[in-house]
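User: Please take a close look at a single part of this model, one helix together with its surroundings, and then relate that part to the salt bridges and the empty spaces elsewhere in the chain.

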Amino acid sequence: MDPTIDHIERLRTIYGKLKKVRFGGVVTSRKPKYAEAALDFQSLSRQFRQENCLEYAGLCLIQSSRCFSELKSSTSELQMLLEATSIFIEIELQLKDTNTLSYHENLSLALSVYQLAQKNLREQNERYLAGLITFQVGLHLEALEKFQESERLFSMALDSFQDLLSIQICIYQRLINIRIDNENYNLALQTTTSLIERLMKTSTNDISYRCLLANYDVVRLFLLLILQPHPQRLRSDYAKALDAYTWESYEKLDIPMSYLDETLFYLLQSITLAIQAKDLKHIEQLEYDLNQQTQINSRHIHLFHKLKQKISGHFIDTFKFDQHTSTSNDITEYR
């Protein structure tokens, strides 16, 4: 902090503009100068940022937002709240990048200010903007490895974009990746199925949607093979997804999984049978062919390696899977 500047005196001056003048206990007609104070807090915040005192910069913006709230200026209030949230998250990201011990007090402040911003947006009926901000904060939390909190925000953001598929797809992808990376395969399977069902409601003539369907159908298949629930407890839609990769089902369909390359489809059938037979040698032989497929990506390979680990003897609690999947697959149940 610059020692040549008396920041305390500047704060006293600003707060002086917010005081009501009293004489003998009676309030005079002079009103607090909220507009001037709001601008002064912004100016002081910029000064603190230049001096790399980010915590004070964020706190000044919060005070500025309160002044705008008194002035009933919702747009300016929202701007200050969002800038303050960004600053507090920036502090946490800097601490993480430098491996500095953090008690996450700035993160707590960021989330508190974010909630105020959400309240402001609800009052203005800005559903899309609220969803985008929620998604952005969720991305920051993911970068901070706060996966549980980021999952919650991503799930909230989904509700804001029921009629905007492209944004929904981005959110679904983040949720699926987080849950797979954290080996929460039950919820990953539910989320993947929700995304597939959402895509199936859209015209599959669009090549980009066909590619997405192919991608996540393979993800769903591998997740089912990893979990291997008891057949009597298997939900009907999951049973149908597995049956699509059996030899018998292929004979009944004219073009099975039309969004999948036919060679890949046959390969997935072979993998499914090998997994069900616990034929590790055959599974390892199929791995090379899997790697050569253009529709296979690193996420698929990661799940395939988890499959190999399971067949090699690693334990996965399928009873817990059965408990989860015997109920609805609605993603909102997570909340």
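Analyst: The account below begins with helix H6 and its surroundings, then turns to salt bridges, and ends with the cavity and the pocket.

This is a predicted model, in which local features need pLDDT of at least 70 and side-chain atom pairs count only at pLDDT 80 or more, while totals for chains, interfaces and linings use all residues. Residues are numbered from 1 along each chain as its sequence is written, and side-chain values use heavy atoms, with hydrogens and water left out.

Helix H6 covers residues 127-143; helices here are DSSP runs (H or I, at least four residues), numbered from the N terminus. H6 has 17 residues and reaches 25 Å from its first C-alpha to its last, close to the 24 Å expected at 1.5 Å a residue. The expected span is 1.5 Å times one less than the number of residues in the helix. After H6 comes Glu-145, whose phi is positive, near 65 degrees.

The buried residues of H6 are Ala-130, Gly-131, Ile-133, Thr-134, Phe-135, Val-137, Gly-138, Leu-141 and Glu-142. Buried means under 20% relative accessible area, exposed means over 50%, and partly exposed lies in between (1.4 Å probe, protein chains only). These buried residues pack against four helices: H4 (74-97), H5 (105-123), H7 (147-158) and H8 (165-181). Contact here means heavy atoms within 4.5 Å.

One of these neighbours, H7, has 12 residues and reaches 16 Å from its first C-alpha to its last, close to the 16 Å expected at 1.5 Å a residue. In H7 the buried residues are Ser-150, Glu-151, Leu-153, Phe-154, Ser-155, Ala-157 and Leu-158. Their cover includes H5, H6, H8 and H9.

H6 is also linked to H8 through charged side chains. Glu-142 and Arg-174 form a salt bridge, at 2.9 Å from N to O. This pair joins distant parts of the chain, with Glu-142 in H6 and Arg-174 in H8, 32 residues apart. A salt bridge is a side-chain nitrogen of Lys or Arg within 4 Å of a carboxyl oxygen of Asp or Glu. Glu-142 is buried, with a relative accessible area of 15%, whereas Arg-174 is partly exposed at 30% relative accessibility.

By this rule the model has 13 salt bridges. Another of them is formed by the side chains of Lys-306 and Glu-183, at 2.8 Å from N to O. Lys-306 lies in helix H15 (residues 298-311) and Glu-183 in the loop between H8 and helix H9 (185-200), so this pair ties together parts that are 123 residues apart in sequence. Lys-306 is buried, with a relative accessible area of 16%, while Glu-183 is partly exposed at 45%.

A further salt bridge lies within one helix. Glu-9 pairs with Arg-12, and their closest N and O atoms are 3.8 Å apart. The two residues are 3 residues apart in helix H1 (residues 7-16), and are therefore separated by about one helical turn. An α-helix has 3.6 residues a turn, so residues three or four places apart point the same way. Glu-9 is partly exposed at 39% relative accessibility, and Arg-12 is exposed, with a relative accessible area of 57%. Elsewhere, Lys-17, Glu-36 and Asp-40 are linked in a network of salt bridges.

The empty spaces complete the picture. On a 1 Å grid over the protein atoms alone, a cavity is a set of points where a 1.4 Å probe fits but cannot get out, and a pocket is an open set with protein on both sides within 12 Å along at least five of seven lines; lining residues have an atom within 4 Å of a point. Grid points are joined across faces, edges and corners, and a volume is the space filled by probe spheres set on the points.

The structure holds 1 cavity of 30 Å³ or more, and the largest cavity has a volume of about 30 Å³. Its lining consists of Asp-217, Arg-220, Leu-221, Leu-224, Ala-241, Leu-242 and Tyr-245. Helix H10 (207-227) and helix H11 (236-243) are the elements that give two or more residues to this lining, and H10 gives the most, with 4 residues.

The largest pocket holds about 290 Å³ of space. It is lined by 12 residues, of which Asp-217, Arg-220, Lys-240, Ala-241 and Tyr-259 lie nearest its centre. H9, H10 and H11 each give two or more residues to the pocket lining, with H9 giving the most, at 4 residues.
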